[in-house]
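What follows is a report for a reader who meets this structure here and wishes to find a way around its chains, sheets and contacts.

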Amino acid sequence: MTTKFTPDHEYIRVEGSTGIVGITPYAQEQLGDIVFVELPAVGKVLKKGEEAAVVESVKAASEIYAPVSGTVTEVNPALSAEPGRVNADPENTGWMFKLAIADASELDALLDADGYADLTL
Amino acid sequence: MAEASAEDLKQTPLYERHVTAGGRIVPFGGYALPVQYPSGIMAEHRWTREQAGLFDVSHMGPSFLTLTHPSGDATADHAAISAIIEPLICGDIAGLKPGQIRYSLLLNDKGGTLDDLMVARSPIAAGGLYVVVNAGTKEADFAHIEAAAGDRARLQRADSNYALLALQGPEAVNVMAALIPAAADLGFMTYGVYDWGHDKVFVSRSGYTGEDGFEFLVNAHEAVALWDELISDPRVKPIGLGARDSLRLEAGLPLYGHDLDETISPIEADLGFAVSKRRREAADFPGAERILAERDGKLSRKRVGLLVEGAPAREGAEILDASGAVIGVVTSGGFAPSLGKAIALGFVPPDQTATGTKLQVSVRGRAQPAEVVPTPFVPHRYFRKSI
């Protein structure tokens, strides 16, 4: 199991051919209190870098992009009632959606944990 | 508003305090100010509604307008200074009692709004007015007032040698009772001048949150001491601009440059109360013809409050009627922490303004239900007193 990161502060945790996508602790800290999360439809086919979800803080809306291409297989049902999970536990219960990864080689271009840590110093 | 580069930004006398408290500093109206502190907008918003929030609003434009040659007769001098400012605004200033504050609108000849402002009659100086305008418009406002005053009156800016603080929330009065007991007796929309520290401080019972509270105009060199003393009270926490915006939105208060601009009249903005009766009857303010016709129903748009289902509808979102036709636009919108729902202010045709009217807002290309509701969204809790 590996986790990769985008410069836009999404993570993708790879479990076999599935990727679990959310935002990093750094990103949730920057966004502040999240009050609404708009998730993609299950079955939606996303291209790498395409807008996949939107998180709304009190002040502003921010787009979440697909880290790699794939098909949405599941979204986190808890976030409609408890969007604050993205703040409280972004890497676990605050995950956003799962992707059936279309092309695993796209993962190679993403940042590893050290590379992402350097970015957010 | 264009964002100035970091080195162009002005700092208020409290800048170091914001940085020390962990404030996230952003450019706002040409100033470097905290949008939030580490506890976050939601917690700051709730703290202000439940306890007392302290805001640095030194970016705003406080000023004093005084007669160049006062006669010394308080009544005559107040009439003379009122006659200078009244032709620019729609409020009755001549009728103010000493220490009384009036919310008014600076208008252009077409009845559009150049700014919204506070005008108060000095409780101490004959022929003196205390005038507070918005940050983004202050240069133009001050020039406009000075041009009208000519050599009859002098406008003394108080936006660089003073700091302006706001203490807002249900506990504000109890904090004030310990700090300046006499000021705790002020009624809503009045002000007084008090001794504090080594100097005078101007305290008004007013604010921009819908809560009871006070605003302090304090000399720049005393500002940090006043901030520190207020913040040492466990009921008081510093609040950033983010919560200031969500609080004023819940209170249904317009924000200049968003819900008010040079094309929007007081009637369109649902601020008809700010067109004072005497001025209305005399029809002697800029744009009176348009504004009085609008008051009689010749209106093309009006500001309403909307309760939005789902994602917040932000400024610029289209408002649709039940059939899906575009009928207006959101001018301020966001999440209301007190309600746990999205709310918005926007303009729609007058036949769509009745409470309960079912409308829609377009967010990211999708129509979401929205309902017209009365404003304020959260009841005001002002401390009104007869004067």
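Two strands are taken to pair if DSSP finds at least two bridges between them. By that rule, strand β16 (residues 318-320) of chain B pairs with strand β19 (residues 358-363) of chain B, since the two are joined by two bridges and run antiparallel. The model described here is predicted, and every value below should be read with that in mind.

**The barrel of chain B**

The pair just named belongs to a closed barrel of six strands, which runs β15-β18-β17-β16-β19-β20 in chain B with antiparallel pairing. On average, and with direction ignored, neighbouring strands of this sheet are turned by 45 degrees against each other. Within the pair, B:Leu320 has B:Gln360 of β19(B) as its bridge partner. The helix α7(B) packs on this sheet, where it touches β17 and β18 (341-348) of chain B, and its direction makes about 125 degrees with that of β17(B).

A residue that helps to follow the barrel region is B:Val361, which is named among the residues with the most contacts inside the largest nonpolar core, a core of 139 residues. The others named with B:Val361 are A:Met96, B:Ile85, B:Leu165 and B:Leu167. Beyond residues up to four places away in sequence, B:Val361 touches, among others, B:Leu306, B:Val308, B:Ile319, B:Val330 and B:Gln368. As a general background, nonpolar side chains tend to be buried together in soluble globular proteins.

**The open sheet of chain B**

An open sheet of three strands in chain B has the order β1-β3-β2, with mixed pairing. Its edge strands are β1 (10-11) and β2 (24-28) of chain B, each of which pairs on one side only. Two bridges join β1(B) to strand β3 (residues 31-36) of chain B, and these two strands run parallel; B:Lys10 stands opposite B:Tyr31 in β3(B). The helix α7(B) packs on this sheet too, touching β2 and β3 of chain B, with its direction at about 70 degrees to that of β3(B).

**Domains and contacts**

The domain assignment divides chain B into domain 1 (6-60 + 160-250), domain 2 (61-157) and domain 3 (300-373). Taken over C-alpha atoms, the centres of domain 1 and domain 2 of chain B are separated by 24 Å, and 15 residues of domain 1 are in contact with 15 residues of domain 2. On the side of domain 1 that touches domain 2, the elements giving two or more residues are β10 (162-168), β11 (191-196) and β12 (199-204) of chain B, and β11(B) gives the most, with three residues. By class, the residues of that side are eight nonpolar, seven polar and no charged.

B:Gly192 has its place in strand β11 of chain B. Is B:Gly192 buried, exposed or partly exposed? B:Gly192 counts as partly exposed because 18 C-beta neighbours lie inside 10 Å. Leaving aside neighbours within four places in sequence, B:Gly192 is in contact with B:Gly99, B:Pro123, B:Ala183, B:Leu186 and B:Val203.

Between the chains, the contact takes 13 residues from chain B and 10 residues from chain A. On the chain B side, the elements that give two or more residues are α2 (41-50), α7 (241-250) and β17 (326-336) of chain B, and that side has six nonpolar, five polar and two charged residues.

**Chain A and some backbone details**

In chain A, strand β6 (residues 51-57) and strand β7 (residues 61-65) run antiparallel and are joined by five bridges, with A:Ala61 of β7(A) as the bridge partner of A:Glu56. A hairpin of three residues leads from β6(A) to β7(A).

Two residues other than glycine with a positive phi are set out below.

| Residue | Phi | Citation |
|---|---|---|
| A:His9 | about 75 degrees | |
| B:Arg364 | near 50 degrees | |

A:His9 is found in the loop between β1 (2-5) and β2 (10-15) of chain A, and A:His9 is buried because 23 other C-beta atoms lie within 10 Å. B:Arg364 has its place in the loop between β19 and β20 of chain B, and counts as partly exposed, with 13 C-beta neighbours inside 10 Å. Further along chain B, the peptide bond from B:Thr375 to B:Pro376 is cis, with omega near 0 degrees, and B:Pro376 lies in the segment after β20 (366-373) of chain B.

Conventions:
Residues are numbered from 1 along each chain as its sequence is written. Chains are lettered from A and ligands numbered from 1 in the order in which they are written. This is a predicted model: local features need pLDDT of at least 70, side-chain atom pairs count only at pLDDT 80 or more; totals for chains, interfaces and linings use all residues. Two residues are in contact if their C-beta atoms, placed from the backbone, lie within 7 Å. Helices (H or I, at least four residues) and strands (E, at least two) are DSSP runs, numbered from the N terminus. Ala, Val, Leu, Ile, Met, Phe, Trp, Tyr, Cys and Pro count as nonpolar, Asp, Glu, Lys and Arg as charged, and the others, Gly among them, as polar. Domain bounds come from an automatic or database domain assignment. Axes are lines fitted to C-alpha atoms, for helices over the stretch in contact, and angles run from 0 to 180 degrees between N-to-C directions. A nonpolar core is a set of buried Ala, Val, Leu, Ile, Met, Phe, Trp, Tyr and Cys residues joined through C-beta atoms within 7 Å. A residue is buried if 20 or more other C-beta atoms lie within 10 Å of its own, exposed if 12 or fewer, and partly exposed in between; C-beta atoms are placed from the backbone.
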